[in-house]
Each structure stands twice: as C-alpha cells, then as structure tokens.
Amino acid sequence: EGVEKNAFLPVFQPKVDLSTGKIVGAEALARWKLESGRIVSPGVFIPVAESCGLIGEIGKQVTRQACEGAARWNEMGFTDVSIAVNVSPRQFESDDLGAMLINAMADAGLPPRLLQLEITESVAVTDPDRLRNVIGPLKSMGVRLAIDDFGTGHSNLAMLGRLPFDVFKIDRQFICNLHTDKQAPAIVEMILGMAETLGMETVAEGIETKEQEQFLRRRGCDQYQGYYFSPPVTLDRFIEMVKENRRPAAA
Ligand code: C2E
Ligand code: MG
Ligand code: MG
C-alpha cells in the first residue's frame, strides 16, 4: 500500500569537499512516509520492495523528487552541487531504467552532469555488459557513476578498471573501524591509492568523528558524508545548509 503518489520521498545527506569544507552535493536517501506520519527506513522496505517487484515504482518516485530538488538549487545558482541517487541491482534488470532516468532529468530540468548514480559492486560484477549498455547513453549525456559500499563486495579488479566508474564510495565499515582496528586504515589507504591510479574520485561514507575526518583529509580523500557534518535532512533544510555554507565568513 505504499505506492500512492510520493509516499516514498528522498531525504538529502550533504557531501562535503574535504579540502575546502564546501558542500559539493547530496545523496538522496529514500524514506517511506506512512499515513500516520511515521517514517520507515530503506533498510526495512527496500529488500521487501525488491522481492515483490515494487522497487521500480519506488525508485521512480524517489528519483523524480531528487531531480526536482537538485533542479531547484541549480536554478537558485548552486550550479555545482550534484545529486546522487541509489540504484539497486533489481532496477538494472528492468529495461525501463534508462528511460526513467532520462525522463526524470528532462521533466525536472536537471542538467545530466549534476546526476550521479550509486550502484553496488554486485551489479558490475554479475553483468558488466548490461551495465555498459544501460549506462553508456547516460554517461555520454554527462551522468556520473559511483560504486557504493566499495570494499565489501567481490570486485574483480581487472573488470573494475574497464567499467565506466567515476567515483568510489568507501564503505562505512572501514571508516568506523579506522581508530579501533589495524586493518581498516590500511584498506582505506589502499582504496585511496587505487582510486588515484585509476583517476577516480573518492567519497568516504559514515564519518562520525573529527579524527575520522582528519585521517581522510590528510590522506587525500576527496569528499565525505556522515553525521559528523550532517545526517540526511529535508530538501528545504539542505538548501538552507548550502546557503549558509557558501556565505563568506564574517570578517
Ligand atoms: P547507502 O547508499 O550506503 O547509504 C548510506 C547510509 O548510511 C544511509 O542509510 C545513511 O543515512 C547512513 N549514514 C550516513 N551517515 C552516517 C553516519 O555517520 N553514521 C551512520 N551510522 N550511518 C550513516 P539509510 O538512509 O538508512 O539507507 C540505507 C541503504 O538503503 C542505503 O545505503 C542504500 O543502499 C539503500 N537505499 C536508500 N535509498 C535508496 C533508494 O532510493 N533506492 C535504492 N535502491 N536503495 C536505497
Ligand atoms: Mg548510497
Ligand atoms: Mg553506502
């Protein structure tokens, strides 16, 4: 009973440039708003929606609203603030994905260079040809592609280099263990080194502390998101944050 119009909506988590402290984008994260007003998290409804075939409709509602939001801040003059949308493996199985994304951008008036798609490693690994076919036309329009939760899947490194990815999102599990475990910092450094070699951008997920922020900044990670800067917020709040963030500091 969740498929009524816009029962699923995005909240926006800021992504921040580690060297300048500027907000450079947001990730759209789905929320399900029940009639009672209660909000349900995606960890609960995405797996169910995937198995019962509703993921396409939910993805469409969230993507369209995310594109509308980004078009709004673009028109306000924040023309370098991007929007990232999560696309689940199941959505790649449908032939409508490309058209859905193109229509969402066109209807919202969003320049394609501002849209980023986040996909997990599993899609890339299980069906690279399909990924290339779906993503190819979008990439040539300027849409960018990120690997989400990087480091947790079973990436075939040879294949990764040949796929059209622009961004690695370093999984939160490595970030939250940065200062408690010996392996996590080594893994993060390895991912940053690999990204540099491949010419890819890096985003660290789930930064909660000053120490984590510092570690990543000193090692040249490009961007981060996490509760340390902000949890996901409403569109209006996100736009307020961008405005405050861009205001020159008082002398
Ligand atoms: P994800 O894409 O890896 O998103 C990051 C998750 O980490 C989000 O959880 C976010 O709220 C949470 N997070 C961000 N910063 C912090 C932090 O500092 N500490 C902690 N502990 N958590 C943080 P959320 O919103 O519950 O989303 C969970 C997952 O659900 C997402 O993981 C994504 O895989 C999926 N998802 C969310 N929205 C959509 C959607 O529209 N479509 C699809 N297909 N999947 C979605
Ligand atoms: Mg994501
Ligand atoms: Mg992630």
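Rings of Phe, Tyr and Trp (for Trp, its six-membered ring) are taken to pair if their centres lie within 6.5 Å, with planes under 30 degrees apart counted as stacked, over 60 as edge-to-face and the rest as tilted. The structure is a predicted model, in which local features need pLDDT of at least 70 and side-chain atom pairs count only at pLDDT 80 or more, while totals for chains, interfaces and linings use all residues. Residues are numbered from 1 along each chain as its sequence is written, chains are lettered from A and ligands numbered from 1 in the order in which they are written, and side-chain values use heavy atoms, with hydrogens and water left out.

**View 1. Stacked aromatic pair of Phe 12 and Phe 238.** A search of the whole structure finds 8 aromatic pairs. In the stacked pair of Phe 12 and Phe 238, the ring centres are 6.3 Å apart and the planes differ by 20 degrees. This pair links distant parts of the chain, 226 residues apart, with Phe 12 in strand S1 (residues 8-17) and Phe 238 in helix H11 (residues 235-246); helices (H or I, at least four residues) and strands (E, at least two) are DSSP runs numbered from the N terminus. Phe 12 counts as buried because its relative accessibility is 2%, and Phe 238 is likewise buried at 0%, where buried means under 20% relative accessible area, exposed over 50% and partly exposed in between (1.4 Å probe, protein chains only).

**View 2. Stacked aromatic pair of Phe 150 and Phe 168.** Phe 150 and Phe 168 are stacked, at 4.2 Å centre to centre and 20 degrees between the planes. The pair joins Phe 150 in strand S6 (residues 144-150) to Phe 168 in strand S7 (residues 167-170), 18 residues apart. Phe 150 is buried at 4% relative accessibility, and Phe 168 is buried with a relative accessible area of 1%.

**View 3. Magnesium ions, ligand 2 and ligand 3.** Donors are N, O and S atoms within 2.8 Å of the metal (3.2 Å for Na, K and Ca), and water is not among the atoms, so sites may look incomplete. The protein donors of the magnesium ion (ligand 2) are Glu 27 (OE), Asn 86 (OD1), Glu 118 (OE) and Asp 148 (OD), which lie 2.0 to 2.2 Å from it. Asn 86, in strand S4 (residues 82-86), and Asp 148, in strand S6, are 62 residues apart and so link distant parts of the chain. For the magnesium ion (ligand 3), the protein donors are Asp 148 (OD), Asp 149 (OD), Glu 205 (OE) and Glu 205 (OE), at 2.0 to 2.6 Å. The two magnesium ions (ligand 2 and ligand 3) are 4.1 Å apart, and Asp 148 coordinates both. Asp 148 counts as buried at 8% relative accessibility, whereas Asp 149 is partly exposed at 26% and Asn 86 is partly exposed at 29%.

**View 4. Surroundings of Ser 230.** Ser 230 lies in the loop between strand S9 (223-224) and H11, and counts as buried at 4% relative accessibility. Not counting residues up to four places away in sequence, Ser 230 touches Gln 13, Pro 14 and Met 241, where contact means heavy atoms within 4.5 Å.
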